[in-house]
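Dear colleague,

I am passing on a structure that you have not worked with before, and my notes on it follow below. Please have the model open as you read, so that each residue can be found as it comes up.

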Amino acid sequence: MDKFIRKTPREPRSEKIPRPKKKSLKQSTIESLQGVVVVEDVFYSKSVLELEDQSKEKILETMSNLEEKIPSRQVMVDTQIGHTINKMRKHEDKDIALAAKKVYFKWKTFFKEKRDKPKIEVRSDLKTEKMREAGRKFIKEALGKHHKGLAENIEVETFQCYKRLISAEYKKTIRKIIFTLRHQEEVKRKTVAGEMKVNDLIKLCSKA
């Protein structure tokens, strides 16, 4: 049978040409776009900077974030962030004072050179602001007059934890925080004294 079989030489295999890898493109968020300022982020930064016993690392991180975004004059007026930055220029820690000076002079230079350049501002709706204000009010009452800016910082941190949404989880956590501060004196004392960090208080109340 072999004489009826015709063998043809095999063609050499062609080497596979590697396909160029596709570049993975990262989707931009509105917060990451240049010239877009989320007003809530400015309030959050102000709250972080004004809270007593705040860690140096957190302050420097916040300063770095503020240096990347320049709020409009109206946002400056509404949040009073400029006054906070100006005070931080005289901070006893040299690194914090230097970071504050960088932000201050960058913003000042910007407004001198591009005074009329429009800014895109992202604000929360009125209903959200009213609900958050009510939460801050009740937290403030639960704390008493123990700590300046602490109630605002607790609410702002909670709002950030739930991706800036008035969700059922956010409402539940805020209610639990208010209840805990009213009825658990030890937790309240530690929070006011700075022995319990705000994020630890939020974790405690979100688990319950």
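**Salt bridges**

Please bear in mind throughout that this is a predicted model. Counting as a salt bridge any side-chain nitrogen of Lys or Arg within 4 Å of a carboxyl oxygen of Asp or Glu, one arrives at 12 salt bridges. As general background, side chains of opposite charge can pair when their charged atoms come close.

One of these bridges joins Arg-164 to Asp-41, with 2.8 Å between the closest N and O atoms. The two partners come from distant parts of the chain, since Arg-164 sits in the loop between helix H7 (150–161) and helix H8 (168–183), while Asp-41 belongs to helix H1 (residues 39–50), and their positions lie 123 residues apart in the numbering. Arg-164 is partly exposed, its relative accessible area being 24%, and Asp-41 is likewise partly exposed, at 26%.

Another bridge pairs Glu-50 with Lys-46, where the closest N and O atoms are 3.1 Å apart. Here both residues are in helix H1, 4 residues apart, which is about one turn of the helix. In general, an α-helix has 3.6 residues a turn, so residues three or four places apart point the same way. Glu-50 is partly exposed, with a relative accessible area of 38%, whereas Lys-46 has a relative accessible area of 16% and is therefore buried, the cut-off being under 20%.

A further bridge is that of Lys-56 with Asp-93, whose closest N and O atoms are 3.4 Å apart. Lys-56 lies in helix H2 (residues 56–68) and Asp-93 in the loop between helix H4 (81–88) and helix H5 (94–113), so this pair ties together parts of the chain that are 37 residues apart in sequence. Lys-56 is partly exposed at 30% relative accessibility, and Asp-93 is partly exposed as well, with a relative accessible area of 22%.

Salt bridges also link Glu-40, Glu-129, Arg-132, Glu-133, Arg-136 and Glu-155 into a network.

**Helix H2**

The helix that holds Lys-56 may be worth following along its length. H2 has 13 residues and spans 19 Å from its first C-alpha to its last, which is close to the 18 Å expected at 1.5 Å a residue. Its buried residues are Ile-59, Thr-62, Met-63 and Leu-66. These four cover an arc of only 105° around the axis, which means that they are on the same side of H2. The cover over these buried residues includes H1, H4 and H5, while the face of H2 turned away from its buried side carries the exposed residues Glu-57 and Glu-68.

**Thr-173**

Lastly, what surrounds Thr-173, a residue of helix H8? Leaving aside residues up to four places away in sequence, Thr-173 touches Thr-158, Tyr-162, Ile-202, Cys-205 and Ser-206. With a relative accessibility of 2%, Thr-173 counts as buried, because that value is under 20%. Its side chain makes a polar contact with the side chain of Tyr-162, at 2.6 Å, and a polar atom of the Thr-173 side chain also lies 2.8 Å from the backbone oxygen of Glu-169.

With best wishes

Definitions and conventions. Residues are numbered from 1 along each chain as its sequence is written. This is a predicted model: local features need pLDDT of at least 70, side-chain atom pairs count only at pLDDT 80 or more; totals for chains, interfaces and linings use all residues. Side-chain values use heavy atoms; hydrogens and water are left out. Helices (H or I, at least four residues) and strands (E, at least two) are DSSP runs, numbered from the N terminus. Buried means under 20% relative accessible area, exposed over 50%, partly exposed in between (1.4 Å probe, protein chains only). A polar contact is a pair of N or O atoms within 3.5 Å; within protein, one must be able to donate a hydrogen and the other to accept it, and residues adjacent in sequence count only if both atoms are side-chain atoms. Contact means heavy atoms within 4.5 Å. The expected span of a helix is 1.5 Å times one less than its number of residues. The arc is that of the directions from the helix axis to the C-beta atoms.
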